[in-house]
Amino acid sequence: MTAVQPPHTSRVPRDFYEDLIRASQGPQAGFLSERERWLRALPVEAREELLFEFEMLLRGVERYVHLHDGVIDTQDQPLVTRDFREELKDVRATLSQAIRLARHLLDPDSTQKLQFRRYVETQLADDRMRRSRIEGELVQETPQESLFVLRQSFESLRNLIDHLLQLPVCGFSLFNDVGNLVLREIVLNRFFRPFRLNEFRLEYDRLRSVRLLTLLSTVPAETRPLFTTAYLGLFRLLHYLAYVSQDAQGPIPRRVRVLLGLVRSEALSLVGFLKNELAPKAGPKPLQAACLRIARDIARETDRVSRDILVELDRDRAAAARASYAFTQLFQTQVVTLTEALSPGAASGEAPFEQLASSTEAAERLRKDLWVFSQLCRAAEGHLRNDDVVAAEAVISSIVAFLGYFQDGSYQLLRYVDYEAFDRFSALLTELPWPPEGPAVRTRLIEDLRGFSMVLENTFAAVSRRAQLRGFTFDRADAELLRDRFLAATR
């Protein structure tokens with residue numbers, strides 16, 4: 001047997017997407033890390049999707065009250081002579097949905113405590129204590145407090161809008177002032193401030209496509225973040241549109257106008273990124289030309305949809321569905337075009353986007369990799385129990401190598417709630433002393449391997465129950481080949 005490099009000197013891979021996303025967050029990264037811890041502990045079903053919708057609405061309102069970013073400026077009537085009653089109703093409806101989502105995201109225990117504290121503080125007669133209460137609200141020390149304050153502010157603004165809608169005319173200056181009040185509450189919020197252009201969130205900004213993840217792992221390191229950002233931007237727009245399509249059936253909620261304004265605005269921002277940041281650094285000229293062509297097509301089609309469809313939202317009930325369909329086709333086509341530019345033939349055949357975004361393929365890949373991961377951990381645990389340190393060292397080196405493969409692919413296909421256990425195990429490999437001298441150290445390592453193996457096996461079972469895999473038998477022979485490939489690399 002050839003000598004194996006000790007695990008603590010091996011490359012323990014980092015999550016590329018986490019590095020990219022953290023870098024995109026700038027000075028907010030510390031607050032957002034605390035928010036992630038809060039979200040992982042929140043006992044609310046589908047919490048990541050609720051948070052995405054909540055922040056999407058905040059972003060939508062932020063863009064909608066800027067007239068040049070919404071659907072408002074597609075109308076011909078001069079702003080100074082228009083009645084903005086309908087636009088105020090749109091903002092009110094969006095705030096109402098955000099309030100409902102905030103209530104879901106605040107678990108009952110936190111809500112009761114915060115409401116009771118608010119009630120007690122309002123009974124204070126001392127001016128100094130009242131001032132202290134107000135200042136305490138502005139500090140927003142926890143995500144729960146931050147969300148509670150934002151919800152209370154939105155409820156007050158909604159009440160204000162209700163009274164303003166009773167006026168005979170709601171002019172431009174009134175709408176603008178209300179918009180500034182809404183923006184101030186959003187921007188001053190500490191933990192739920194809307195993301196900026198090309199800023200992403202670990203909670204919901206992941207590429208869950210086996211083929212795209214595999215493709216991006218082959219892109220040069222200097223341009224990989226740029227192409228990843230382009231893909232994340234396109235898939236975020238498609239995520240927005242899923243809400244528009246859902247709400248465009250039957251009576252159209254007013255927030256759909258806000259969401260379409262957000263899609264229009266974010267699409268044009270993505271055009272700027274493609275033209276000014278990605279294309280100049282994309283690499284060979286054909287790839288640069290493809291990026292510029294994608295930017296041109298998005299700009300041209302967005303302008304057409306705005307000019308021909310969004311202007312009909314007030315008069316044609318089907319306009320929202322048509323706009324959603326047109327935007328969806330546009331962004332799906334650009335995902336395919338970008339993929340073909342990076343790797344000709346990678347997105348060929350019928351329904352190329354559906355192949356790239358196949359949830360069945362993603363589930364199959366994740367299931368196989370989880371099985372291999374658990375097999376490697378069980379093997380290392382067994383060797384350690386038998387005091388075969390040399391064999392255990394070889395398997396742990398295989399685990400380190402497999403972790404790099406897993407991070408670039410299947411890790412991105414996990415649910416957000418599962419990341420913590422995998423991150424802990426990755427940190428364990430980084431800190432692992434080798435050889436594990438002494439019974440205490442060895443016993444702890446055995447228990448860590450056993451515990452993580454159980455996590456892997458439970459996750460494997462959960463993935464196997466997914467609807468996408470119904471009728472698909474687990475290919476154990478193929479999984480064994482993958483396992484043996486990593487074991488052989490350390491022999």
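In this predicted model, Phe373 and Phe406 are both buried. Their ring centres lie 5.3 Å apart and their planes meet at 65 degrees; because an angle over 60 degrees counts as edge-to-face, the pair is assigned to that class. The contact joins distant parts of the chain, with Phe373 in helix α15 and Phe406 in helix α16, 33 residues apart. Both rings also belong to one aromatic cluster, which further comprises Phe402, Tyr405, Phe422, Phe425, Phe452 and Phe486.

In total, the structure holds 25 aromatic pairs. Another of these is formed by Phe327 and Phe331, whose ring centres are 5.9 Å apart and whose planes differ by 5 degrees, so this pair is stacked. The two residues are four positions apart in helix α13 (residues 319–342) and are therefore separated by about one helical turn. Phe327 has a relative accessibility of 0% and counts as buried; for Phe331 the value is likewise 0%, and this residue is also classed as buried.

Several of these aromatic residues recur in the nonpolar interior. The largest nonpolar core contains 145 residues, of which Phe54, Phe227, Ile298, Phe331, Phe373 and Ile399 touch the most other members. Helix α11 (residues 255–281) gives the most to this core, contributing 13 residues. In soluble globular proteins, nonpolar side chains tend to be buried together. For Phe227, when residues up to four places away in sequence are not counted, the contacts comprise Leu216, Val219, Leu278, Ala282, Leu287, Cys291, Leu338 and Leu342.

Aromatic rings are also approached by arginine side chains. Arg40 lies over the face of Tyr416, at 5.0 Å from the ring centre. A second arrangement of this kind involves Arg82, which is placed over the face of Phe84 at 4.7 Å from the ring centre.

Turning to the backbone, most residues other than glycine have a negative phi. Ala46 has a positive phi, near 55 degrees, and is located in the loop between α2 (29–41) and α3 (47–64). With a relative accessible area of 45%, Ala46 is partly exposed. A positive phi of about 60 degrees is also found at Asp387, which is not a glycine. Asp387 lies in the loop that connects α15 (359–385) and α16 (389–408). The relative accessible area of Asp387 is 53%, and because the threshold for exposure is over 50%, Asp387 is classed as exposed.

Terms used. Residues numbered from 1 in each chain as written. Predicted model: local features only at pLDDT ≥ 70, side-chain atom pairs only at ≥ 80, totals over all residues. Heavy atoms only, no water. Core = buried A, V, L, I, M, F, W, Y, C linked by side-chain atoms within 4.5 Å. Buried < 20%, exposed > 50% of the residue type's maximum accessible area, 1.4 Å probe, protein only. Contact = heavy atoms within 4.5 Å. Phe/Tyr/Trp six-rings, centres within 6.5 Å; stacked < 30°, edge-to-face > 60°. Lys NZ or Arg CZ within 6 Å of the ring centre and 35° of its normal.
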